[in-house]
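User: Could you walk me through the reasons behind some labels in this structure?

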Amino acid sequence: MFEIAGIDHIVLRTTKLSAMIHFYCDILGCSVERKTAEDIGLTQLRVGNSLIDLVVVDSQLGALGGGAPSLTENNLDHFCLQLKPISESEIKQYLLSHDVSVDDFSKRYGAQGFGPSLYIKDPEGNTVELKSQI
């Protein structure tokens, strides 16, 4: 069994990047921590120990989630749970023992920097990223 340490980040898809940055930074007090190349379309906002990732829908990354957010299109791409220290093999063994499909770990950036993570699906089909602390 592994233990969740907290929420690492959430990913919101948007067609209104400037308005979203204004809302989260100027109104709610977040700060822009990191931006990728414009074609990738990712802006990461610092929220205490966590991140809010803003992904432009018509960017390379945003296109993976389908159309623009609406009543029938997803706005939340995925959320990431930060795990307490545990080996990748222990995480995989645990999930597989509960019939949860797993892929390989990849190095991804999150609220605590780069680290290994993998994606799984919950029973409703929502994507959950599990990020291991190094």
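Analyst: Happy to; here is some background, followed by your questions. This is a predicted model, where local features need pLDDT of at least 70 and side-chain atom pairs count only at pLDDT 80 or more, while totals for chains, interfaces and linings use all residues. Residues are numbered from 1 along each chain as its sequence is written, and side-chain values use heavy atoms, with hydrogens and water left out.

User: Why is Thr127 called buried or exposed?

Analyst: Buried means under 20% relative accessible area, exposed over 50%, and partly exposed in between (1.4 Å probe, protein chains only). Thr127 has 18% relative accessibility, so Thr127 counts as buried. Thr127 lies in strand β8 (residues 127–132).

User: And why does Ile27 get its label?

Analyst: Ile27 has 53% relative accessibility, so Ile27 counts as exposed. Ile27 belongs to helix α1 (residues 17–27).

User: What makes the pair Thr127 and Lys121 a polar contact?

Analyst: The side chains of Thr127 and Lys121 are joined at 3.0 Å. A polar contact is a pair of N or O atoms within 3.5 Å; within protein, one must be able to donate a hydrogen and the other to accept it, and residues adjacent in sequence count only if both atoms are side-chain atoms.

User: Which residues make up the largest nonpolar core?

Analyst: That core has twelve residues, including Phe2, Leu83, Val128 and Leu130. β5 (76–83), α2 (88–97), β7 (113–121) and β8 each supply at least two of its residues. A nonpolar core is a set of buried Ala, Val, Leu, Ile, Met, Phe, Trp, Tyr and Cys residues joined through side-chain atoms within 4.5 Å.

Note on methods. Helices (H or I, at least four residues) and strands (E, at least two) are DSSP runs, numbered from the N terminus.
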